[in-house]
Amino acid sequence: MARGCWFWPFLLLLPLLCLVVLTRSEENENSDDIRCKCICPPYKDNAGHIYNKNVTQKDCDCLHVVDPMPVAGQDVEAYCLRCECRYEERSSVTIKAIAERGRLWGTAEHRPLAYGANRSTEDAISVALHTVLTHQERQ
């Protein structure tokens, strides 16, 4: 290594260090990391709809998440039986890190995934693992 070039590795790691510090300071502000997602198909005169709400895993069902209820009376039970509700835990810190990785290295191939609506932690982890493994294969 040429004389005077000892600081280049530190300059390369500086953006990563900044990202870690910024994400740690924002961790407490991420209130949408846990949610229940209900996908309800069309029913009678009502179009299909996706509902998201921050509730406990125990309350992750149609009656607690679908608001306002598009049907009334006896149709509520039939409507809710058609809905598929899933409890999701997402890591917005992981999603932000993947988005930042794309910005730092000049590739935006994963940015739509990171900012896409209704994405889960598994999606972010899959993208991160794919990126690391692809990088290792190239070396």
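The following exchange concerns the disulfides and one surface patch of a predicted model.

Visitor: What kind of model is this, and where does residue numbering start?
Guide: This is a predicted model, in which local features need pLDDT of at least 70 and side-chain atom pairs count only at pLDDT 80 or more, while totals for chains, interfaces and linings use all residues. Side-chain values use heavy atoms, with hydrogens and water left out, and residues are numbered along each chain, as its sequence is written, from 1.

Visitor: How many disulfides does the structure hold, and what is the pairing of the bonded cysteines in sequence order?
Guide: A disulfide is taken here as a pair of cysteine sulfur atoms within 2.5 Å, and the structure holds four. When the bonded cysteines of the chain are numbered in sequence order, the pairing reads 1-4, 2-8, 3-7, 5-6.

Visitor: How many residues apart in sequence are the parts that C36 and C60 tie together?
Guide: The sulfur atoms of C36 and C60 are joined at 2.0 Å, and the torsion about their S-S bond is about 75 degrees, so this disulfide is right-handed. Because C36 lies in strand β1 (residues 34-40) and C60 in the loop between β2 (49-53) and α2 (62-65), the pair ties together parts that are apart in sequence by 24 residues. Helices (H or I, at least four residues) and strands (E, at least two) are DSSP runs, numbered from the N terminus.

Visitor: Is C85, the partner of C38, buried, partly exposed or exposed?
Guide: C38 and C85 are joined with an S to S distance of 2.0 Å, and the link is right-handed, with 110 degrees about the S-S bond. The pair links distant parts of the chain, C38 in strand β1 and C85 in strand β3 (residues 84-89), 47 residues apart. Buried means under 20% relative accessible area, exposed over 50% and partly exposed in between (1.4 Å probe, protein chains only). C38, at 0% relative accessibility, is buried, whereas C85, at 25%, counts as partly exposed.

Visitor: Which residues form a nonpolar patch on the surface together with L133?
Guide: Patches are made of residues with over 30% relative accessible area and no salt bridge (a side-chain nitrogen of Lys or Arg within 4 Å of a carboxyl oxygen of Asp or Glu), with like charges joined within 9 Å and nonpolar side chains (Val, Leu, Ile, Met, Phe, Trp, Tyr) within 5 Å. L133 belongs to helix α6 (residues 121-138) and is partly exposed at 49% relative accessibility. The patch has about 280 Å² of accessible area together (Shrake-Rupley method, 1.4 Å probe, only the protein chains shown counting as cover for residues), and the partners of L133 in it are I125 and L129.
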